[in-house]
Amino acid sequence: MNNIERRENGMLYISDDAVMAEQKIVRKLVQEFNTMDRSDFDGLAAQIKKILGKSENAFINPPFYCDYGKNIELGKNFFGNYNLTILDTGKVRIGDNCQCAPNVSIYTAGHPVHPATRNTLYEYGIDVTIGDNVWIGGNVVICPGVTIGDNVVIGAGSVVTKDIPAWSVAAGNPCKVIRKITEADRYTYYKGVSADDEAVADMQRMWAENTDPVKFPTADE
């Protein structure tokens with residue numbers, strides 16, 4: 001089995017010339033993206049579509065960095081803010097309506113713990129999965145093998161080393177669940193401040209008409 005096949009099967013592999021040739025393809029596309037006119041929103045969105053394996057209505061503010069691009073699968077309406085880094089040696093699957101604040105890093109790549117093994121240049125990639133309607137705060141690191149459930153908020157500065165269940169607010173290093181998200185959160189925002197009447201009425205209209213692309217959760221979900 002060659003090293004590309006080993007990598008794609010989740011096995012230890014070495015980044016040989018064939019592996020690096022794959023990375024050269026996306027590095028050119030990423031370099032073009034990172035030097036584009038920042039006000040050319042349509043052009044940036046089109047270039048991101050070229051880079052990623054799957055996306056629908058995704059937008060990322062440059063700079064953005066990844067290893068392969070083809071291993072990143074985004075759902076609908078993804079937004080990534082400045083300096084998003086995704087090391088996609090393994091698959092990175094992100095659901096619909098997800099948002100990443102600045103300086104988020106998602107790592108599937110890893111290296112053996114023992115120095116003798118690590119010095120052979122063998123490495124690995126373990127998949128990361130993120131559900132729908134997830135908001136990831138600034139300077140968050142998501143480590144290999146993590147699964148984050150639907151409707152989760154990850155607090156700024158967190159290091160996510162283990163799975164996070166759906167409908168949770170989680171934060172810290174290591175990241176842990178702080179509390180569940182409930183119906184009481186529907187009309188509040190920063191530190192529990194209540195939304196004003198105009199905003200509440202507008203949100204209720206959008207939910208009733210279903211004109212917004214976001215699938216708003218019901219009280220039972």
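Helices and strands are DSSP runs, helices of at least four residues and strands of at least two, numbered from the N terminus. With that in hand, welcome to a few close-up views of this predicted model.

**Figure 1. A loop between two strands, with Asn103 in it.** Asn103 sits in the loop that runs between strand S9 (99-100) and strand S10 (105-107). Its relative accessibility is 31%, so Asn103 counts as partly exposed. Look for Thr85 as well: Asn103 and Thr85 are 18 residues apart along the chain, and their C-alpha atoms are separated by 7.4 Å.

**Figure 2. Phe33 and Phe64 form an edge-to-face ring pair.** The structure holds four aromatic pairs. In the pair shown here, the ring centres of Phe33 and Phe64 are 6.5 Å apart and the planes stand at 90°, so the arrangement is edge-to-face. Phe33 belongs to helix H2 (residues 17-34) and Phe64 to strand S4 (residues 64-66), so this pair ties together parts that are 31 residues apart in sequence. Are these two residues, Phe33 and Phe64, buried or exposed? Both Phe33 and Phe64 are buried.

**Figure 3. Tyr187 and Trp207 form a tilted ring pair.** Here the centres of the Tyr187 and Trp207 rings are 5.6 Å apart, with the planes at 55°, so the pair is tilted. The two residues link distant parts of the chain, 20 residues apart: Tyr187 is in the loop between S20 and H5, while Trp207 is in helix H5. Tyr187 counts as partly exposed because its relative accessibility is 29%. Trp207 is partly exposed too, with a relative accessible area of 22%.

**Figure 4. A cluster of phenylalanine rings.** Which residues do ring pairs link into a cluster? They are Phe41, Phe59 and Phe79.

**Figure 5. Two arginines lie over aromatic faces.** Find Arg7 and then Tyr68: Arg7 lies over the face of the Tyr68 ring, 4.3 Å from the ring centre. In the second part of this view, Arg186 lies over the face of Trp207, at 4.7 Å from the ring centre. Arg186 is partly exposed, with a relative accessible area of 22%.

**Figure 6. Salt bridges of Arg186 and Arg179.** A search of the whole structure finds 11 salt bridges. Arg186, met in the previous view over the face of Trp207, also forms a salt bridge with Glu183, and the closest N and O atoms are 2.6 Å apart. Glu183 is partly exposed, at a relative accessible area of 42%. Arg179 has a partner as well: its side chain meets that of Asp185 in a salt bridge, at 3.0 Å from N to O. With a relative accessible area of 40%, Arg179 is partly exposed.

**Figure 7. A salt bridge within helix H5, and a network elsewhere.** The side chains of Glu209 and Arg205 meet in a salt bridge, at 3.2 Å from N to O. Why are Glu209 and Arg205 separated by about one helical turn? Because they are four residues apart in helix H5. Glu209 is partly exposed, with a relative accessible area of 45%, and Arg205 is partly exposed, with a relative accessible area of 36%. The second part of the view shows Arg7, Glu8, Glu22 and Lys70, joined into one network by salt bridges that share partners.

**Figure 8. A nonpolar patch on the surface.** Tyr189, Tyr190 and Val193 make a nonpolar surface patch of about 370 Å². Val193 is found in the loop between strand S20 (176-180) and helix H5 (197-209). At 38% relative accessibility, Val193 counts as partly exposed.

**Figure 9. Cysteines without a disulfide.** How many disulfides does the count come to? The count is zero, taking a disulfide as a pair of cysteine sulfur atoms within 2.5 Å. For Cys98, the nearest cysteine sulfur is that of Cys100, 7.4 Å away. Cys98 is buried, with a relative accessible area of 2%. For Cys175, the nearest cysteine sulfur is that of Cys143, 10 Å away. Cys175 counts as buried, at 7% relative accessibility.

Definitions and conventions:
Residues are numbered from 1 along each chain as its sequence is written. This is a predicted model: local features need pLDDT of at least 70, side-chain atom pairs count only at pLDDT 80 or more; totals for chains, interfaces and linings use all residues. Side-chain values use heavy atoms; hydrogens and water are left out. Patches are made of residues with over 30% relative accessible area and no salt bridge: like charges are joined within 9 Å, nonpolar side chains (Val, Leu, Ile, Met, Phe, Trp, Tyr) within 5 Å. Accessible areas come from the Shrake-Rupley method with a 1.4 Å probe; for residues, only the protein chains shown count as cover. A salt bridge is a side-chain nitrogen of Lys or Arg within 4 Å of a carboxyl oxygen of Asp or Glu. Buried means under 20% relative accessible area, exposed over 50%, partly exposed in between (1.4 Å probe, protein chains only). Rings of Phe, Tyr and Trp (its six-membered ring) pair if their centres lie within 6.5 Å; planes under 30 degrees apart count as stacked, over 60 as edge-to-face and the rest as tilted. A charge sits over a ring if NZ of Lys or CZ of Arg is within 6 Å of the ring centre and within 35 degrees of the ring normal.
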